[in-house]
Amino acid sequence: MDDVFARFSDDRWDDFLDELDKIRVSVVDPAELQQMKVTARRDAREAGTQPLLVRMALADHYLNLLAIGVWAGDESWRADLRDLVVSLVPEDDEQRDDALLSSVIAVVLAQLLQDARLRGGSEADVIARSAWEKAQEWAAYAEDRHVERLLHASTEAGARVVTESEVREVVELATAAADDQHAETIAVLETEGFTAEFMNGVWVVEGEFRNAVRAAARAITLTGHGCVLARNIRSSAVMLWHENTLAMADSKVPRWRVYPILAPVTPQSKFSGGEGLPFTRETHPLAPAPEVVRRLADAVGVNLSHLLAALR
């Protein structure tokens, strides 16, 4: 570990932000660019063996390098930063200032969530999601007075910086998630333009979408296995998804249609082509519901009669 971080090894919490100011850099010599990346990646791998204040300083240093364009055009920083923020989750016996630690975590999570989604499938999405799952409960306790000093500003080409509003969104989502287990999923659905509510085991999504079936497929892909009712003033569609089987019905074609969903296929990809419904040999009358649909409803914990009423 670079000697520059030795100053953070003595549990001097009151001096932490002042000491950070002393080690931040504003420019990088192009000749040293590659070595800076190598060193930063090594430090990220070894961070877990360091005292908590050193880990926090390393995370800020990585953000500093992003802010001056060290990773311009290179997305490999995401995995390193994920490892750093996970390392910040303290052991029970570690001395800490919760507000300061939480503020560092919130800023790092905001950086990871930039151009990433918690329920997406890209590499950036997956990395952000894994970091969020490990550290989000700490982000709820961030304080503005610390966040303000932890933000980086830069006009360098290829710079990566987060804004105060991006950090605030992370803090608000973490706070809501602490109070409501469904807050995170609601936030994800709302970013897709849906109004979402979890009612009796069913995700009810509404919006200005033209095709209720596609909306249901998108929503259930985002939420994972379960049940979704997508509806607007023109039509509605229901999907039940558990393990490798999905059943759907919509108000325009009142029959249950059953499909296998085997990775890498998702409900969204299954229903994304053309205007019609994808072909299946397994169709059933809406009522009485077939055994496969009853099994799916039982597995995800929903009342079939309520779903049928919503389609009529």
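Let's start with what covers the buried residues of helix α13. The cover includes β2, β3, β4, β5, β6 and helix α12. Keep in mind that this is a predicted model.

Which residues of α13 are buried? The helix spans residues 304-311, and Leu304, Leu307, Leu308 and Leu311 are buried there. Now look at where they point. These leucines take up an arc of only 100° around the axis, so they sit on the same side of α13.

Next, the sheet behind that cover. The sheet is open and has seven strands. Their order is β1-β2-β3-β4-β5-β6-β7, and the pairing is mixed. Which strands are at the edges? They are β1, residues 195-199, and β7, residues 283-285. Each of these pairs on one side only. Ignoring direction, neighbouring strands are turned by 20° against each other on average.

Two more helices belong in this picture. Helix α10, residues 212-223, packs on the sheet. Helix α10 touches β2, β3, β4 and β5, and its direction makes about 30° with that of β4. Helix α12, residues 291-300, lies across β3, β4, β5, β6 and β7. Its angle to β4 is about 75°.

Let's walk through the strands, starting with β3. Strand β3 covers residues 226-231, and β4 covers residues 236-242. They run antiparallel, joined by six bridges. The two strands form a hairpin, with four residues between them. If you want to follow the register on screen, use two pairs. Arg231 has Ser236 of β4 as its bridge partner. Val228 is bridged to Met239 of β4.

Now β4 itself. How many of its residues are buried? Six of the seven are, so β4 is largely enclosed by the rest of the structure.

On to β4 and β5. Again the pairing is antiparallel, over six bridges. Strand β5 runs from 245 to 250. Trp241 bridges to Leu246 of β5. Ala237 bridges to Asp250, also in β5. The hairpin here has two residues between the strands. Check the backbone at Glu243: in this hairpin, Glu243 takes a positive phi near 55°.

Is β5 mostly covered or mostly open? Mostly covered: five of its six residues are buried.

Last pair: β5 and β6. Strand β6 is residues 255-260. The two strands pair in the antiparallel sense, over four bridges. A hairpin of four residues joins β5 to β6. One bridge to pick out here is Met248, whose partner in β6 is Arg257.

To put the pieces together, go back to α13. Strands β4 and β5 are among the elements covering its buried residues. Helix α10 touches both of those strands too, and helix α12 lies across both. Helix α12 is also part of the cover over α13. That's the layout.

Methods. Residues are numbered from 1 along each chain as its sequence is written. This is a predicted model: local features need pLDDT of at least 70, side-chain atom pairs count only at pLDDT 80 or more; totals for chains, interfaces and linings use all residues. Side-chain values use heavy atoms; hydrogens and water are left out. Two strands pair if DSSP finds at least two bridges between them. Axes are lines fitted to C-alpha atoms, for helices over the stretch in contact, and angles run from 0 to 180 degrees between N-to-C directions. Contact means heavy atoms within 4.5 Å. Buried means under 20% relative accessible area, exposed over 50%, partly exposed in between (1.4 Å probe, protein chains only). The arc is that of the directions from the helix axis to the C-beta atoms.
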